[in-house]
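Here's a quick write-up to read alongside the sequence and the 3D view. Have a look at both, then carry on below.

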Amino acid sequence: MAARIAAAVRCHARSFSTASEFIRAPVQVFGIEGRYAHALYSAATKQGSADVIEEQLNSLQGAIDSVSGLKEYLSLPVCSREEKKASLGGAFEEAGMDPLINNMISTMIDNKRSTKISGVVGAFNTIMAAQRGEVSCKVTSAQPLSDEKS
């Protein structure tokens with residue numbers, strides 16, 4: 001009797017663990033930024049919105065770069081985590097951002113990683129470029145390249 005119960009529990013436990021399996025990215029990105037980017041990629045791929053997430057992350061990065069004081073606000077220890085999450089959450093909702101991005105940013109704020117948002121955006125872009133089969137490279141030439149060659 002106990003053996004049957006144990007087998008049934010193992011069967012159900014196995015089905016639960018495979019139901020929400022982590023989706024592997026086509027390329028590994030390391031560091032704290034890579035962990036967040038991989039988790040976001042996995043969730044976005046399961047949801048079927050990885051391309052939309054990439055566009056929204058790039059617009060978020062543009063806002064961080066262009067809005068004066070936003071980068072400093074994210075790194076200020078004087079502002080409470082709840083205040084940062086509330087203000088950014090309201091702005092994201094107003095802008096129509098995907099809830100996955102809001103959840104990731106909230107988690108990063110909770111874990112005191114808000115200064116790494118730009119790195120996560122870059123890591124996510126690297127993963128998405130690899131998914132599309134793009135390879136980034138840097139060309140160095142001893143002579144100036146003509147328009148035809150560049």
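## Contacts along the chain

Take the contacts between residues at least 6 apart in sequence: 66% of them join residues at least 24 apart. Keep in mind that this is a predicted model.

As for what makes those contacts, the chain has 7 helices and 0 strands, so to speak a plain α-α-α-α-α-α-α when you read along the sequence.

## Surface and interior

Of the chain's 150 residues, 30% count as buried. The accessible surface adds up to about 10100 Å², and carbon and sulfur atoms hold 54% of that.

## A look at helix 5

Helix 5 runs over residues 81-95, which is 15 residues. From first C-alpha to last it reaches 21 Å, close to the 21 Å expected at 1.5 Å a residue.

Which residues of helix 5 are buried? They're Lys 84, Leu 88, Gly 89 and Phe 92. These four sit on the same side of helix 5, because they cover an arc of only 120° around the axis. The spacing rule behind this is a familiar one: an α-helix has 3.6 residues a turn, so residues three or four places apart point the same way.

Flip to the other side of helix 5 and you'll find Glu 82, Ala 86, Glu 93 and Glu 94, which are exposed.

## Neighbours and the end of the helix

What do the buried residues of helix 5 pack against? Their partners are helix 3 (50-66), helix 4 (70-75) and helix 6 (99-110).

After helix 5 comes Gly 96, with a positive phi near 80°.

Conventions: Residues numbered from 1 in each chain as written. Predicted model: local features only at pLDDT ≥ 70, side-chain atom pairs only at ≥ 80, totals over all residues. Heavy atoms only, no water. Helix = DSSP H or I, 4+ residues; strand = E, 2+ residues; numbered from the N terminus. Expected span 1.5 Å × (residues − 1). Buried < 20%, exposed > 50% of the residue type's maximum accessible area, 1.4 Å probe, protein only. Arc of directions from axis to C-beta. Contact = heavy atoms within 4.5 Å. Areas by Shrake-Rupley, 256 points an atom, 1.4 Å probe, with all protein chains shown as cover.
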